[in-house]
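Welcome! Let us walk through this structure together, starting at its surface and then moving on to its aromatic rings.

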Amino acid sequence: MPGSSPLRAWWAQHPPAAGAAVMATGIVSVGLHLTGYEVLSRILLVMACAAWLALAADFLTRLLRQRERWVREAGTPAALTAVAATTVLGTRLSALDWQLLAAALLALATLLWPVLLVPVVRHWQRRRMPGAVFLGTVATQGLAVLGATLAKAESAAWLAHAALVLFWLGLVLYGLALARFDLRQVIEGPGDQWVAGGAAAISALAGAKLIAADGPGLYLWNDDNSGVLRTVTVALLVLDLGWYAVLLVAEVVRPRLRYDVCRWSTVFPMGMTAAATLAVAAAVDVSWLEWPGEVLLWIAVAAWLAVAVGAVAAAREAVRPAAPEHPRP
């Protein structure tokens, strides 16, 4: 674009997958809050909010001024990071007792969810797809997590039951995505292959939040329903940890160290696995899960730092003015 700054040109080329940076930062903030590192948690929360506002402004700008591009990008799985990032941010804000703002984010995410999910599912092909195919599950379970969180905070049974429906729908979407996932991505993927595990992790977190939402005066689940929910939640965490181990081994066997924006989709599942492990430990009263959850959290923090450094370096390189060419004598 003539006359535009290098920074503006770089930002204009950012794909929808950049929303995974907000997801990753937000969920690491949640994990730090769960383990009592409140100062670090709030620093990351501020960063996640700033990034969310920037991406929201960009989302609206493209909708109003670049409609054709917006429609094209809305049909890609990465567009669903807008929903997932909003729900992760809302979940963290709810922990600060900012329930009205969290509810507003839930309403916004709920409005965006069908608008973005329907074209994404319509564009699913029978061919093998990258890890971003699991973002339909992530977005849906993000709504379930935030819905269940607010249901507990506000003692709203209807919201818990709505979150339960989304929880089961998210599992259906996970099965459909798994059937389309190209398993070669485990070895070859640029980073978003980790969403295969992250989708299981956020499903386990949703189950844990639904279990925790019940309490005196609500009577959400009878013994049978509660037993099924606990069993499925634990099974999802086991599935997630299995994916984590496989994906970690694949990273060691075939290192992919160059920075890619898809690496935020590696950090998010790492942070989500830690948060899910800690939440499930509390929900099903298995205290020995707490220390593995904290270990996984610090691995996620280290990964976040590494990817953040890579992102800053890539941005500096992109906006650096080209050196002028000097004519040879």
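A good place to begin is the surface, where Y37, V39, L40, I43, M47 and W298 make up a nonpolar patch with about 540 Å² of accessible area together. Accessible areas come from the Shrake-Rupley method with a 1.4 Å probe, and for residues only the protein chains shown count as cover. Patches are built from residues with over 30% relative accessible area and no salt bridge; like charges are joined within 9 Å, and nonpolar side chains (Val, Leu, Ile, Met, Phe, Trp, Tyr) within 5 Å. A salt bridge, in turn, is a side-chain nitrogen of Lys or Arg within 4 Å of a carboxyl oxygen of Asp or Glu.

Please keep in mind that this is a predicted model: local features need pLDDT of at least 70, side-chain atom pairs count only at pLDDT 80 or more, and totals for chains, interfaces and linings use all residues. Residues are numbered from 1 along each chain as its sequence is written, and side-chain values use heavy atoms, leaving out hydrogens and water.

Helix α3 (residues 38–65) gives the patch its largest share, 4 residues. Helices (H or I, at least four residues) are DSSP runs, numbered from the N terminus. M47 is found in helix α3. With a relative accessible area of 39%, M47 is partly exposed, a class that lies between buried (under 20%) and exposed (over 50%), using a 1.4 Å probe and protein chains only.

Now for the rings. A search of the whole structure finds 7 aromatic pairs. In F167 and W168, the ring centres are 5.1 Å apart and the planes are at 65°, so this pair is edge-to-face. Rings of Phe, Tyr and Trp (its six-membered ring) pair if their centres lie within 6.5 Å; planes under 30 degrees apart count as stacked, over 60 as edge-to-face and the rest as tilted. F167 is buried at 0% relative accessibility, while W168 is partly exposed at 36%.

W194 and Y244 also form an edge-to-face pair, at 5.4 Å centre to centre and 90° between the planes. What does this pair tie together? W194 lies in the loop between α9 (185–188) and α10 (195–213) and Y244 in helix α11 (residues 223–253), so the pair links parts 50 residues apart in sequence. W194 is buried, with a relative accessible area of 2%, and Y244 is buried too, at 7%. Elsewhere, F134, Y174, F181 and W243 form one aromatic cluster.

How values were computed. Helices (H or I, at least four residues) and strands (E, at least two) are DSSP runs, numbered from the N terminus.
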